[in-house]
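Biologist: I would like a close look at a single part of this model. Please walk me through one helix, its two sides and its surroundings.

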Amino acid sequence: MKPNFAQMSTKELRAYVLAHREDIEALEILFSRRTPDSQAIIYPSMFAEDGTPIEENIPIIAEAIAKIVQREK
């Protein structure tokens, strides 16, 4: 019997999908929970086309990652 995906938190559902990658229904529900593109935050690239780091963008990305890590705790 499959779990009730609607009652699972996104974190629980993500863990389930990672353990059951073949479960298309779970994947579809997880994808449906993503942030719409109109609300997505687009961050600048960390690297130029030649692969060199863009120094002024690194702190922006580091701050964004720190916020995500803090939110996941």
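Modeller: What follows is a tour of helix α2, then of its partner helix, then of the loop and the helix that come next. Keep in mind that this is a predicted model.

Start with the helix itself. Helix α2 covers residues 24-32. Which of its residues are buried? They are Ala26, Leu27 and Leu30. Look down the axis of α2: these buried residues fall within an arc of 100°, so they line one face of the helix. Now turn to the face that points away from the buried side. That face carries the exposed residues Ile24, Glu28 and Ser32. Here, buried means under 20% relative accessible area, and exposed means over 50%.

Next, look at the end of the helix. Asp23 caps the N-terminal end of α2. One of the side-chain oxygens of Asp23 lies 3.3 Å from the backbone nitrogen of Glu25.

What covers the buried residues of α2? The cover includes α1, residues 10-19. So turn to α1 and read it in the same way. Its buried residues are Leu13, Tyr16 and Val17. Seen down the axis of α1, they also fall within an arc of 100°, so they line one face of that helix. The buried residues of α1 pack against α2. On the face of α1 turned away from its buried side sit the exposed residues Lys11 and Ala19.

Now move along the chain. Asn57 sits in the loop between α2 and α3. Is Asn57 buried or exposed? Asn57 counts as buried, because its relative accessibility is 11%, and the cut-off for buried is under 20%. Leave aside residues up to four places away in sequence, and Asn57 touches Pro44 and Ser45. With Ser45 there is a polar link to find: the side chain of Asn57 reaches the backbone oxygen of Ser45 at 2.7 Å.

Finish at the surface. Helix α3 spans residues 58-72, and Ile60 is found there. Ile60 has 38% relative accessibility, so it counts as partly exposed. That label lies between the cut-offs for buried and exposed. Ile60 also belongs to a nonpolar patch on the surface, together with Ile41 and Tyr43. Together, these three residues have about 300 Å² of accessible area.

Technical notes
Residues numbered from 1 in each chain as written. Predicted model: local features only at pLDDT ≥ 70, side-chain atom pairs only at ≥ 80, totals over all residues. Heavy atoms only, no water. Buried < 20%, exposed > 50% of the residue type's maximum accessible area, 1.4 Å probe, protein only. Helix = DSSP H or I, 4+ residues; strand = E, 2+ residues; numbered from the N terminus. Arc of directions from axis to C-beta. Contact = heavy atoms within 4.5 Å. Polar contact = N/O pair within 3.5 Å; in protein donor to acceptor, adjacent residues only side chain to side chain. Patch = residues over 30% accessible without salt bridge, like charges linked within 9 Å, V, L, I, M, F, W, Y side chains within 5 Å. Areas by Shrake-Rupley, 256 points an atom, 1.4 Å probe, with all protein chains shown as cover. Salt bridge = Lys/Arg side-chain N within 4 Å of Asp/Glu carboxyl O.
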